[in-house]
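Reader: I've just opened this one and could use a guided tour. Can we go through it question by question?

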Amino acid sequence: MEADLTGFNIDAPRWDQRTFLGRVKHFLNITDPRTVFVSEQELDWAKVMVEKSRMGVVPPGTQVEQLLYAKKLYDSAFHPDTGEKMNVIGRMSFQLPGGMIITGFMLQFYRTMPAVIFWQWVNQSFNALVNYTNRNAASTISVSLAASRHGKA
């Protein structure tokens with residue numbers, strides 16, 4: 001028995017985004033740390049399924065659950081502005097396990113100043129990578145605009 005996909009919109013929010021709980025469910029879904037362990041082939045499959053669904057052409061026998069799972073993987077691994085696959089370490093789904101690992105090392109190796117400095121540097125570098133990976137890539141910032149914001153123009 002085939003699922004009726006008539007009227008299915010892959011880009012429509014799964015949960016009501018006007019409510020706090022709906023927004024929480026959405027972000028828990030796309031930041032699920034389990035998506036870090038999904039293979040590259042499965043991520044590529046998810047991208048193809050999302051793109052086909054947007055065009056209204058899904059393979060026969062495709063279920064709504066499969067499309068929702070593909071959208072979850074797509075949202076967790078591909079940049080919303082560029083559509084490019086993001087670096088695994090920079091994905092929001094890696095924020096929890098990556099942050100826990102770094103915090104564990106920071107708590108374990110605190111006895112010497114070089115160790116504290118090193119693990120603080122690792123933590124800040126990780127945060128910078130996550131921020132860069134999840135930046136707003138749709139709008140560019142020019143050097144002259146950046147300089148004028150800092151009073152140098």
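Reader: Of the contacts in the protein with a separation of 6 or more, what share comes from residues 24 or more positions apart?

Author: Keep in mind that this is a predicted model. Contacts here are counted when the separation along the chain is 6 or more, and the part to pick out is the pairs 24 or more positions apart. Their share of those contacts is 66%.

Reader: Okay, and what are the pieces of the fold, going from the N terminus?

Author: There are 6 helices and 0 strands in the protein. So reading from the N terminus, with helices as the elements found by DSSP, the order is α-α-α-α-α-α.

Reader: What percentage of the residues is buried?

Author: A residue counts as buried when its relative accessible area is under 20%. The protein has 153 residues, and the buried share of them is 26%.

Reader: And how much of the accessible surface belongs to carbon and sulfur atoms?

Author: The accessible surface of the whole protein is about 10500 Å². Of that area, carbon and sulfur atoms hold 62%.

Reader: How are α4 and α5 oriented relative to one another, parallel or antiparallel?

Author: Helix α4 covers residues 95–108, and helix α5 covers residues 113–133. Their axes come within 9 Å and cross at roughly 170 degrees. Angles over 145 degrees count as roughly antiparallel, so α4 and α5 are roughly antiparallel.

Reader: Which residues of α5 make that contact?

Author: On the α4 side, the contact uses Q95, G98, G99, I102, F105 and M106. Facing them from α5 are W119, Q120, V122, N123, F126, N127 and V130.

Reader: F105 caught my eye. Which residues form a nonpolar surface patch with it?

Author: F105 sits in helix α4 and takes part in the contact with α5. Its relative accessible area is 35%, so F105 is partly exposed. The patch has about 270 Å² of accessible area together, and the partners of F105 in it are I101 and F109.

Reader: Now K71: is that lysine buried or exposed?

Author: K71 belongs to helix α3, residues 64–77. Leaving out residues up to four places away in sequence, K71 touches I10, D11, V50 and R54. Its relative accessible area is 15%, and the cut-off is under 20%, so K71 is buried.

Reader: What does T35 touch, beyond its neighbours within four places in sequence?

Author: T35 is in the loop between α1 (20–30) and α2 (40–55). With a relative accessibility of 3%, T35 counts as buried. Its contacts beyond those neighbours are K72, L73, S76, R91 and S93.

Reader: There's a glycine, G22, too. Is G22 buried or exposed?

Author: G22 is part of helix α1. Setting aside residues up to four places away in sequence, G22 touches W15, D16 and Q17. A relative accessible area of 5% falls under the 20% cut-off, so G22 is buried.

Reader: Last one: how far apart in space are E84 and K47, C-alpha to C-alpha?

Author: E84 lies in the loop between α3 and α4 and is exposed, at 54% relative accessible area. Not counting neighbours within four places in sequence, E84 contacts A77, F78 and H79. E84 and K47 are 37 residues apart in sequence, and from C-alpha to C-alpha the distance is 9.9 Å.

Methods
Residues numbered from 1 in each chain as written. Predicted model: local features only at pLDDT ≥ 70, side-chain atom pairs only at ≥ 80, totals over all residues. Heavy atoms only, no water. Patch = residues over 30% accessible without salt bridge, like charges linked within 9 Å, V, L, I, M, F, W, Y side chains within 5 Å. Areas by Shrake-Rupley, 256 points an atom, 1.4 Å probe, with all protein chains shown as cover. Salt bridge = Lys/Arg side-chain N within 4 Å of Asp/Glu carboxyl O. Helix = DSSP H or I, 4+ residues; strand = E, 2+ residues; numbered from the N terminus. Buried < 20%, exposed > 50% of the residue type's maximum accessible area, 1.4 Å probe, protein only. Axes fitted to C-alpha atoms, helices over the stretch in contact; angles between N-to-C directions. Parallel < 35°, antiparallel > 145°, perpendicular 65-115°, else oblique. Contact = heavy atoms within 4.5 Å.
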